[in-house]
Amino acid sequence: MNAKDPELLLEHAPLLQQGMSTPQAMRDVIYSLVPVTLAGIWFFGLSALLVLVVSILGAMLTEWVFSSAENKTESLWDASALVTGLLLGLTLPPGLPLWMAFLGGVVAIGFGKIIWGGLGNNLFNPALVGRAFLLATFPIAMTTWNPVSDVDGFFMVHATNLALPFMHVEPDAMTSATPLGLFKFEQEATPIINLFLGNTSGSLGETSGLLLLLGGLYLWWRRDLDWRIPASILLTVVVFSGILGLFDAERFPTPLFSLFSGGLLLGTIYMATDPVTSPITPKGAWIFGCGIGCLVVLIRVWGGLPEGVMYAILLMNAATPLINRYTQPTVFGRGKERS
Amino acid sequence: MSFLIAPAIMVGIGLFFGIILAVSHRLLRVEEDPRIEATNGMLPGTNCGACGQPGCLPFAEKLVVGELEPSKCTVASADDIENIADYLQIDAGRQEKLVARLRCGGGKAQAHQIAEYHGFEGCRAAAVASGGGKGCSWGCLGLYDCEVACTFDAIRINSNGLPQVDIDKCTACPDCINACPRDLFEVVPLSQKLYVQCSIPLAGEAATSLCAVACDACGKCVVDASPGLIRMENTLPVIDYSTNAVATPEAVFRCATDSIKWIEGNQFQEQENLPIGGQKKYA
Amino acid sequence: MNPLRLFHKSFDHGVHPAHLKEQTCDLPMQRVPFVKEYLMPLGQNLGAPSKSIVQIGQRVRKGELIAEAAAFVSTTLHSPVTGTIKEIGDFRNFDGNFVPAIKIEADIYATQQSDAGNPIEWQSLSIDEFIQEVQNAGIVGMGGAAFPTHVKFAIPEGKKIRYLLINGAECEPYLTNDHRLMIERPEDLLMGAEIVRQKLGAEETVIGVEKNKPEAIAALRQHIKPGDPVRLVPLHVKYPQGAEKMIIKTIFNREVPAGQLPRDVEVNVNNVSTVVAIADYFERGRPLIERIVTVSGPGITYPANLIVPLGTPVRELLRFCGGLTDATQEVIMGGPMMGRPIATLDSPITKGSSGILAFTAAETSRRKEYPCISCGRCVEACPYFLNPARLARLSRARLFDEMVNYNVMDCVECGCCTFACPSAIPIVQLIRTGKDDLRTRKETPA
């Protein structure tokens, strides 16, 4: 028998914790993005890899520079900067000059996160802040889309990638419009199967609907994702564009096309569900998702741009505090009887 | 011409609302004693509550109607109080300098620990977790709640784990009194130098087994002080400060545990040379 | 409404901690040997502490009244042993505070056999007499809160009880005391339930048992005779199902309005141990002088379910169970989710102690805290539908008054939020601190 009388610790209950931590959640996001990233590299060649690496570098370097001294390595390990850089890279066109991608990473972390007070305090999704900055600053470069490369082109690096800052470079290869651009400006629909598999032009990570959905399923299975947000966004988009299709099937895209084209799936699964910038309450998540869905369709159909996912999410991000405020859950025993 | 339309509309809207504002300023005006505003401007504006009012503006209102004296404000300097009194044509009144004192002298070196608190910092958090591990369940936990709460940055936890109140900075507001989960702070006049630094409601060995500077209720101070100054209430000496004038340091000489003190200036002065360990750990 | 409700009926939200009951769930209840000294704190129940009626040096028999109820919301105390009153004074309780208590020295020559008292003819008692008898027996809610049971039986005019709900959920991990009681004494459990049911005039007894105790369900099912007004409801396993309001929600799908009691929805809830204690008193005349305690956790050498006389020091229980392992860092009274840390092992077992759990560094080490990423896991875990993330943030900023606007006082501190938090933020601890500040401040306005 042990007669030892240990110096007892006093620690508040509960002493048990769910086996999930914030860095683990971040790592889950990265794991779920691996297929999408590989597909992007497969479709768009080495340039895609370069753009991704550079934007991640920009993000992580900024995080490292601006985190406090005792926290320097720690803040990198929670992997949130890596996620931001990777997500930003996936929203960029593969032929983007690398210095722009780097700048995007810096802005994403610097103005998207650090300036708000670091992880957990930002109002807008950092990756989208970076992208919005790039789109506003370099509209031409950000909308010059390279076509899917063939096998020979895999190791080819686009000349535009290597452009020096503020230098103008003619696109080397021919450019091609995205499916949404084609539909909007030339009334030409892309086959759904291409959209589903991803061999169309567009941003690095947005092309393959299949892989994005798989990543989303993984996150849902890991409970890292509030399923209400993707569900409500996709549902709203389908219903809204379905209704529009009833009026004029020629002018308005079909629901399925709306679903798989452009950055909708990428934005829905990875940006809109960013826990920091989406509402904390279940009811709020539904409102948030419906808002994004409506805005996406509105911008796509009547806006000046072919794509509107980014602005839709950023706009609803801004509304998140308000949504939180008005969707506080009804406390047990204080509302009408919930069924 | 069309480029003029937009500016013209903006100017028009501006004018429209400007007129509404100007008219409503006239029509909806509430008459208020202008002296309240002026007095409020002369007050320190810390809203600390030391005067017993919820903030500086309510205090200014009470001043103007003459219900309170300017000297009730313990934060403003003597000159400021004089100015306010002159402005309002009233008597400044006299107010003794009050400071916060801690009814506990058992720091890390004196009080026994029975267990170790192992949660996030804060006295109240520790007190809720089964008493925070300090053997004396009435004593100071020294986990920075008062230091964080103090508006005037007057409290520092010293290396012995006790809050040291800087009497020059202390304005006798109730911040620390509210923050302390053990209710150990009290506000007393600075002139009261005789002070009991213990709150243990136990006597004899039961008390001294918990803390080296606990009052064991021996009663020597009652005998040594001038008659009527100190009396024992349950197990603690209570000093009758109304006869404070006759208080002398003699009362503390025979105290075996150093629990009654003659304090000149700051409390825990003898520990002042120790390196100060405290700093705001959370905010 | 949660779509999962279609598959398994339960309350909304809540969490699923590991059950961790394997260590003790198959161990039969054991009686601990008598020890030298017993310490009976006077305030073992919620409400007013009992009033001592013994003097130092007085001899008391096992089961003899040593303290009487000081008010209606108060109860009696009986001596757990035959012996002599040694001391009456302030002793340290498990929470580190000094409380008035009676110290009894056991008579080493006494047999310490249970003095078989006289059964009480309960059928003829009026409801008021019944309530008085329950108070005389010193029975309190033995799930942990220790609320005097007779107070629950006092139904105000105009209210009636339709269902008597016997709470056998035992949702806290590790604890198996109710589990063993249901397996080993199902007849007494059903007897006690029948007494209470008849006295309260309830239509039906409903026994809720979580499905992770199949033996308990089988044992009870075996003893329920067809035609008895007893319904056994196996419950989907979820924490905090054992909370009174949650088990009512699960079984009857009714929400007890905030600030009201189960009787307002025509239900009376009692823990299984409480009901067995009632049977003990009315069938055998034995007041509440012992209880079942689970001693378990990774820091215990030989885990066990023990029948412990009240007042036994925790140290003696641990000694009986082979002592603590070297790795032990913390000892908890109650369950791992809602229990309180024990400041000193000399503190006694009281009426509300359901478990003594010892934990090692693996459980007590504080994980690195990350900023709140507002993932909403705490919001989806809180069975009371509060916003724990918000409350924790306010508490950290010392904005305690603001917390009231977010209904902080409805929080029962079940700990689901901290359990679910991926950033390891001490949410319930912060809320507890804020509540404590609010509670004490009202008493001493500055």
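**Entry 1: the sheet of chain C**

In what order do the 4 strands of the open sheet in chain C stand, and is the pairing parallel or antiparallel? I note at the outset that the model I consulted is a predicted one. I read the order as β11-β10-β9-β12 in chain C, and I found the pairing to be parallel. I then looked up the edges, which are β11 (230-235) and β12 (267-271) of chain C, each paired on one side only. For the twist I recorded an average of 25° from one strand to the next.

I next took up one pair of strands in this sheet. Strand β10 (residues 204-210) of chain C runs parallel to β11(C), and I recorded 6 bridges between them. Within β11(C), Leu235(C) is the residue that stands opposite Glu210(C). I also looked for a helix on this sheet and found α5 (residues 214-223) of chain C packed there. Helix α5 of chain C touches β9 (163-168), β10 and β11 of chain C. I entered about 165° for the angle between the direction of this helix and that of β11(C).

**Entry 2: two helices of chain A**

I turned to helix α4 (residues 80-90) and helix α6 (residues 126-137) of chain A, whose axes come within 8 Å. Their crossing angle is roughly 40°, and I therefore entered the two helices, α4(A) and α6(A), as oblique to each other. The crossing of α4(A) past α6(A) is right-handed.

Which residues make this contact? From α4(A) I listed Thr84(A), Leu87(A) and Leu88(A). From α6(A) I listed Pro126(A), Ala127(A), Gly130(A) and Arg131(A). Sorted by class, the contact of α4(A) with α6(A) holds 4 nonpolar, 2 polar and 1 charged residues.

**Entry 3: the domains of chain A**

I consulted the domain assignment of chain A, which gives domain 1 as 22-176 and domain 2 as 177-326. The centres of these two domains, taken over C-alpha atoms, are 20 Å apart. I recorded 36 residues from domain 1 of chain A and 33 residues from domain 2 of chain A in the contact.

Which elements of chain A each supply at least two residues of the side of domain 1 that touches domain 2? I found α1 (22-44), α2 (46-66), α4 and α6 of chain A. Of these, α1(A) gives the largest share of that side, with 12 residues. The side of domain 1 of chain A that touches domain 2 of chain A divides into 24 nonpolar, 10 polar and 2 charged residues.

**Entry 4: chain A against chain C**

I looked up the contact between these chains and entered 41 residues from chain A and 58 residues from chain C. On the side of chain A that touches chain C, β1 (8-10) and α1 of chain A each supply at least two residues. The largest share there is 3 residues, and I traced that share to β1(A). By class, I noted 20 nonpolar, 13 polar and 8 charged residues on this side of chain A.

**Entry 5: the domains of chain B**

For chain B, I recorded domain 1 (34-88), domain 2 (98-188 + 268-283) and domain 3 (191-264). The C-alpha centres of domain 2 and domain 3 of chain B are 21 Å apart. Their contact draws 14 residues from domain 2 of chain B and 13 residues from domain 3 of chain B. On the side of domain 2 of chain B that touches domain 3 of chain B, I entered 6 nonpolar, 6 polar and 2 charged residues.

Notes. Residues are numbered from 1 along each chain as its sequence is written. Chains are lettered from A and ligands numbered from 1 in the order in which they are written. This is a predicted model: local features need pLDDT of at least 70, side-chain atom pairs count only at pLDDT 80 or more; totals for chains, interfaces and linings use all residues. Domain bounds come from an automatic or database domain assignment. Two residues are in contact if their C-beta atoms, placed from the backbone, lie within 7 Å. Ala, Val, Leu, Ile, Met, Phe, Trp, Tyr, Cys and Pro count as nonpolar, Asp, Glu, Lys and Arg as charged, and the others, Gly among them, as polar. Axes are lines fitted to C-alpha atoms, for helices over the stretch in contact, and angles run from 0 to 180 degrees between N-to-C directions. Angles under 35 degrees count as roughly parallel, over 145 as roughly antiparallel, 65 to 115 as roughly perpendicular and the rest as oblique. A crossing is left-handed if the near helix is turned anticlockwise from the far one by less than a right angle, and right-handed if clockwise. Two strands pair if DSSP finds at least two bridges between them.
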